[in-house]
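Hello,

Here is the structure for you to look over. My notes follow below it.

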Amino acid sequence: MKPFTIHRGKTAGIDRANIDTDQIIPKQFLKRIERTGFGQFLFYDWRYLSDGTPNPAFELNRPENEGATILVADENFGCGSSREHAPWALQDYGFRVIIAPSFADIFYNNCLKNGLLPIRLDKEDVRYLLRQSERADYELTVSLEEQRVFDDEGFSRPFDIDPYRKQLLLKGWDEIDLTFVYEAHIAAYERRHCPRP
Amino acid sequence: MKPKTIIDKIWENHVVYREEGKPDLLYIDLHLVHEVTSPQAFEGLRQKGRKVRRPDLTFATMDHNVPTVNRFVITDEVARNQIAALERNCREFGIPLADLNSEEQGIVHVIGPELGLTQPGKTIVCGDSHTSTHGAFGALAFGIGTSEVEHVLATQTLWQHKPKTLQICINGRLGKGVTAKDVILAIIGRYGVGVGTGYIIEFTGEAIRRMSMEERMTICNMSIEAGARAGLISPDETTFAYLRGRKYAPKGEEFDKAVERWRALASDEGAKYDKTIEIDASTIAPMVTWGTNPAMSTSVDGVVPHPEQFESKTEQNAVRRALEYMGLEPGTPITDIPVQHVFIGSCTNSRLSDLRAAASIVKGKKVAPGVRALVVPGSQQVKKQAEAEGLAQIFIDAGFEWRDSGCSACLGMNPDIIPEGEHCASTSNRNFEGRQGKGARTHLVSPVMAAAAAIYGHFVDVRQLEAEPVC
């Protein structure tokens, strides 16, 4: 996993609640057996018109959002299917951070496993960031070390993250390698509860 | 001793390692695998030269991509590759697989219980959000992403923080024509798609106790649509009776011993939950969704709402957008919505009792002109049994298409797709934009409501219909 320490980038806002993983990456793109190359399909049905041309009304197609690396959206972002293709697509498109008042549980975990940082902020702060995101020149800095989101204009907010996940993200560690450290505990558990046939 | 919930008991039984400041390392008893969310996990193992720790606790099938007309002719090359990859991976890593030739093949959440792999007290995971289905047996079952699939394959464990507990108690009895599907849609409709976020739900109460295992699976299946990590129901005699004699369930004396253990798992009298919601079963009517998330629903005798009825600007905008997508005018009675497609299937409602209930409405009648209706049994075993009982013939005589098992039009990863702009009465679990096909307009309903919509060409209140005995 790519480590995440500090990131500064442009924000893009999609002012909708309950953005589900079927929108983030529609099912017709889940048949590939690779982990890469999903960015071209991100928000496919919203992003493109029926004739395959970009839909000018869709937020990410607006010129002011070009090159954005921080996505801001309303509550329950990532609800629905467990498809990890959703964070893969967001990341491959160029996003490093997603900010919302709340996230669906499986999606939130999937992001953390891939070095894509999901940040929960209060509803009013998210509204502020959604408004700021309409500007082409608005940038935000996210420091995972300090657990803080701030801009150059005086906005600064702390955010919560599980300390264990934070360490993994900062170091970019492979979780399976870490779990192997507890191999003796797993083997002992298996002897007691779940012997091999 | 302090009374405990079943959630506390299963959790404590599975802690492999615990340390301050870390999630618990939980042991996983059963890992179900399907073709869509596993290839990258197996590839990860190969790249690092890792093995599958417990192939004996892992079970695979293919369901999402499988064609339901001729399952052996997969014209989509990418889909074919994905199915071939699962076969290859199972062979290479020694994982049992119910493949397309197997009589045991079916939707992963239908075959787990059917084969008796799903048992009370187990921790069960699968790279699929509807893994919550298995909670019906008093198992702690939840969906995971592909990275976690890889982690479980390699270590048979997961690092997990214990979620909070939410009790949803359904008091009293359900009325005629009101099903488990209506109960879960009513819960989500009343309390929202985020009510379960951060929680594991335990469903309790008389209405739940009176339900069959298949009805309980429908309820737990859609816990994820309420945002919950998992949903479960304490096991009881109904659970044990269902499991007796199943292929992978304990046999003979072992079964009786297991029942004693399982019985002790049920939540103790007086156990504390972080939150409790109580619902009177008699207030629940047959439900129909009118929007693009499962909370956007009303009873069949209701009307499509006005956006102004909703409090926040965000909600009003979401409703406006949903109605535009669905092509519905505020104030339209639900029973006036025409239906061009009917889909009876999915991990929510494709089991034998679902098909029996639907057939009881269909028997002796014909599908309305202009309606295309599909029945997709959840597994090959369900299919076989439904054919033996004569249910298949009832559907075929009425003009339904009778298909092979798979996920089918629930998400349209196979050729079963609902065309743009058409309304589909669907027994599946998600009415998201584009879920059943780009521009498809999904209405989530119970099997009897879907069957009735097929016959009449629009939604009808099943409470006013007479069901015919079918078996």
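**Core, chain A and a buried strand**

The largest nonpolar core has 193 residues, and those touching the most other members are A:Ile98, A:Ile99, B:Val342, B:Ala358, B:Met449, B:Ala450 and B:Ala453. Such a core is a set of buried Ala, Val, Leu, Ile, Met, Phe, Trp, Tyr and Cys residues joined through C-beta atoms within 7 Å. Buried means that 20 or more other C-beta atoms lie within 10 Å of a residue's own, with C-beta atoms placed from the backbone.

This is a predicted model: local features need pLDDT of at least 70, side-chain atom pairs count only at pLDDT 80 or more, and totals for chains, interfaces and linings use all residues. Residues are numbered from 1 along each chain as its sequence is written, while chains are lettered from A and ligands numbered from 1 in the order written.

Chain A has 8 helices and 7 strands (DSSP runs, H or I of at least four residues and E of at least two, numbered from the N terminus). Of its 197 residues, 43% are buried.

Now chain B. Strand β10(B), residues 199-204, has 6 of its 6 residues buried, so the rest of the structure largely encloses it. B:Tyr199, B:Ile201 and B:Phe203 lie on one side, and B:Ile200, B:Glu202 and B:Thr204 on the other. Strand β9(B), residues 164-171, runs parallel to β10(B), joined by 6 bridges (pairing takes at least two DSSP bridges). B:Lys164 has B:Tyr199 as its bridge partner. β10(B) also pairs in the parallel sense with β11(B), residues 230-232, over 3 bridges. There, B:Glu202 stands opposite B:Leu232.

Best wishes

Technical notes:
Buried ≥ 20, exposed ≤ 12 C-beta atoms within 10 Å, placed from the backbone.
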